[in-house]
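Thanks for coming, everyone. I would like to walk through one structure this morning, beginning with its aromatic residues and ending with its backbone.

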Amino acid sequence: MSTISGKVWCFGDNIDTDLIIAARYLNTSDPKELAKHVMEDKDPEFVNKVKAGDIIVAGENFGCGSSREHAPIALKAAGVSAVVAKSFARIFYRNAFNTGLPIFELAETDTIKEGESISISMESGEVKNGAKTYKFTPIPPFMQELIGCGGLMNYAKKEIMK
């Protein structure tokens, strides 16, 4: 999965884990159940609008708040194929890779508009938006492998089987 393409949904700065998946739904770890409520408190209709392969583009500090892994799990289960943001909370960054959700830091997220289609190359470190190309630091090969396996647990299982 070196290239990801999809329709953009835009969110601003400081989207915390409670906005991604509210604490009142944390009585389950079932990804399908979590997906039913993703971004509900930020955009109550988001779950009805998002389609498999769509991409979230956000501002600064995406995923701040608690350390719950439920947030990237819920996004991934709802069909979000990647998140592009100016910056990520460090624990969300780690949890995203642990759960197999590709995330990318890009300073120019303000120039990408909701409804546009973008493509992201993990290997070359590029986001293409129509005729525009933006560069980001490519994801290291090991992190790409984590994403390719679907997260840390799947990667570990693969390694054990060797």
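Phe62, Phe88, Phe92, Tyr93 and Phe97 form one aromatic cluster, where rings of Phe, Tyr and Trp (for Trp, its six-membered ring) pair if their centres lie within 6.5 Å, and planes under 30 degrees apart count as stacked, over 60 as edge-to-face and the rest as tilted. Please keep in mind that this is a predicted model, in which local features need pLDDT of at least 70, side-chain atom pairs count only at pLDDT 80 or more, and totals for chains, interfaces and linings use all residues. Residues are numbered from 1 along each chain as its sequence is written, and side-chain values use heavy atoms, with hydrogens and water left out.

A search of the whole structure finds 9 aromatic pairs. One of them joins Phe62 and Phe88 edge-to-face, with 6.0 Å from centre to centre and 80° between the planes. That pair links distant parts of the chain, since Phe62 is in the loop between β2 (55-58) and α4 (70-77), while Phe88, 26 residues apart from it, is in the loop between β3 (82-85) and α5 (90-99). Helices here (H or I, at least four residues) and strands (E, at least two) are DSSP runs, numbered from the N terminus. Both Phe62 and Phe88 are buried, and by buried I mean under 20% relative accessible area, with exposed being over 50% and partly exposed in between (1.4 Å probe, protein chains only).

Another edge-to-face pair is that of Phe142 and Tyr155, at 5.2 Å centre to centre and 90° between the planes. Here the link runs from helix α6 (residues 141-149), which holds Phe142, to helix α7 (residues 152-161), which holds Tyr155, and the two residues are 13 apart in sequence. How do the partners of this pair stand in accessibility, buried or partly exposed? Phe142 counts as partly exposed because its relative accessibility is 41%, whereas Tyr155 counts as buried because its relative accessible area is 15%.

Going back to the cluster, the charged end of Arg90 sits over the ring of Tyr93, 4.7 Å from its centre; the criterion is that NZ of Lys or CZ of Arg is within 6 Å of the ring centre and within 35 degrees of the ring normal.

Helix α5 deserves a moment. Its buried residues are Phe92, Asn95, Ala96, Phe97, Asn98 and Thr99, and what do the buried residues of α5 pack against? They pack against α1 (17-20), α4, β4 (103-105), α6 and α7, contact meaning heavy atoms within 4.5 Å. Just after α5, Gly100 takes a positive phi of about 85°.

Now to the core. The largest nonpolar core has 52 residues, and those with the most contacts inside it are Phe62, Leu75, Phe92 and Ile120; such a core is a set of buried Ala, Val, Leu, Ile, Met, Phe, Trp, Tyr and Cys residues joined through side-chain atoms within 4.5 Å. Not counting residues up to four places away in sequence, Leu75 touches Ile20, Val38, Met39, Ile56, Phe62, Val80, Val83, Phe92 and Leu101.

Met39 also appears among the contacts of Phe11, which, leaving aside neighbours within four places in sequence, include Lys42, Asp43, Phe46 and Ile56 as well. Phe11 is found in the loop between β1 (3-10) and α1, and it is buried because its relative accessible area is 11%.

Two residues have an unusual backbone sign, given that most residues other than glycine have a negative phi. Met39, in the loop between α2 and α3 (46-49), has a positive phi of about 60° although it is not a glycine, and Met39 is buried at 0% relative accessible area. Asn14, in the loop between β1 and α1, has a phi near 55°, and Asn14 is partly exposed at 44%.

Lastly, the cysteines. The structure holds 0 disulfides, a disulfide being a pair of cysteine sulfur atoms within 2.5 Å. Why is Cys10 unbonded? The closest cysteine sulfur, in Cys64, is 18 Å from that of Cys10, so the two are too far apart for a bond. Cys10 is partly exposed, with a relative accessible area of 25%, whereas Cys64 is buried at 15%.
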